[in-house]
Amino acid sequence: MADFFDRVWRVVALIPEGRVTTYGHIARHLGLGRSARLVGHALHAVGRAGARGPDLPCHRVVNRVGELSGRLRFETPTVMEERLRAEGVSFLDDGRVDLARHLWEPRGAESLP
DNA sequence: AAACTGACGGGCG
DNA sequence: ACGCCCGCCAGTT
């Protein structure tokens, strides 16, 4: 389980600046397609204690339609969007991330334990 | 110990 | 596009 958190963090650390990915993509990439929620739990765990990567770009993880569903777990409810805008991520009129432009899909060997 | 709670996703109408 | 419901599963009550 804790190793699952590790794998999630490892993937998140790879998201390039100015790109985003979704909980579901990460979960599927790790072979746990139906447990996207656990990815959220893993990131929530980052916030507390910061035992692991305190510098993880967790703001680059959004839900499947590009909503910043985790914004309330950040220092303030707005930093998530601010950080993304600061790296050049564009938003649609309805406030969702423009996934068509910025979605990054995990691929490669980082899934290996 | 049982119930509730989500940083979720997919299917259906 | 939208709302609803169901499956999922570790934490918290």
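Which element supplies the largest share of the surface near DNA strand B? The answer is α3, with 6 residues. The model is a predicted one. Keep α3 in view, for this helix returns later in the tour.

Start with the overall layout. Chain A contains 5 helices and 2 strands. Along the sequence, they follow the order α-β-α-α-β-α-α. The chain has 113 residues, and 42% of them count as buried. Now take the contacts in chain A with a separation of 6 or more. Of these, 65% join residues 24 or more positions apart.

Next, turn to the DNA. Around DNA strand B there are 17 residues. Those that come nearest are Y23, G24, R37, H41 and R64. Two helices, α2 (23-29) and α3 (36-47), each give at least two residues to this surface. By type, the surface near DNA strand B holds 5 nonpolar, 8 polar and 4 charged residues. Polar residues are thus listed at 8, beside 4 charged ones.

What part of the strand faces the protein? Consider the atoms of DNA strand B within 4 Å of the protein. Sugar or phosphate accounts for 44% of them. The rest belong to bases.

Some individual atom pairs make this concrete. At G24, a backbone N or O atom lies 2.7 Å from a phosphate oxygen of DNA strand B. R73 also has a phosphate oxygen as its partner, but here a polar side-chain atom is involved, at 3.4 Å. L43 points us to a base instead. One of its backbone N or O atoms lies 3.2 Å from a base nitrogen of DNA strand B.

L43 and R73 lead on to another feature, the largest pocket. Both are among the residues nearest its centre, together with H44, G70 and F74. In total, 20 residues line this pocket. Two elements give two or more residues to that lining: α3 and α4 (79-86). The largest share, 8 residues, comes from α3. So how much space does the pocket hold? About 500 Å³ lies in it. Its lining divides into 10 nonpolar, 6 polar and 4 charged residues.

Two loop residues complete the tour. Take H59 first. It sits in the loop between α3 and β2 (61-62). Is H59 buried or exposed? H59 counts as buried, because its relative accessibility is 7%, and the cut-off for buried is under 20%. Beyond its neighbours within four places in sequence, H59 is in contact with F74, M80, R83, L84 and E87. F74 has appeared before, as one of the residues nearest the centre of the largest pocket. M80, R83 and L84 are also contacts of H59, and α4 spans 79-86.

Now compare G33. This residue is found in the loop between α2 and α3. G33 counts as partly exposed, because its relative accessibility is 34%, and partly exposed covers values between 20% and 50%. Apart from neighbours within four places in sequence, G33 is in contact with A27 and R28. G66 lies 33 residues away from G33 along the chain. In space, the C-alpha atoms of G33 and G66 are separated by 18 Å.

Return, finally, to α3. This helix gives 6 residues to the surface near DNA strand B. It also gives 8 to the lining of the largest pocket. In each case, that is the largest share.

Definitions and conventions: Residues numbered from 1 in each chain as written. Chains lettered and ligands numbered in written order. Predicted model: local features only at pLDDT ≥ 70, side-chain atom pairs only at ≥ 80, totals over all residues. Heavy atoms only, no water. Near = heavy atom within 4 Å. Polar contact = N/O pair within 3.5 Å; in protein donor to acceptor, adjacent residues only side chain to side chain. Helix = DSSP H or I, 4+ residues; strand = E, 2+ residues; numbered from the N terminus. Nonpolar A, V, L, I, M, F, W, Y, C, P; charged D, E, K, R; others polar. 1 Å grid on protein atoms, 1.4 Å probe; cavity = no way out; pocket = protein on both sides within 12 Å on 5 of 7 lines; lining within 4 Å. Points joined across faces, edges and corners; volume = space filled by probe spheres on them. Buried < 20%, exposed > 50% of the residue type's maximum accessible area, 1.4 Å probe, protein only. Contact = heavy atoms within 4.5 Å.
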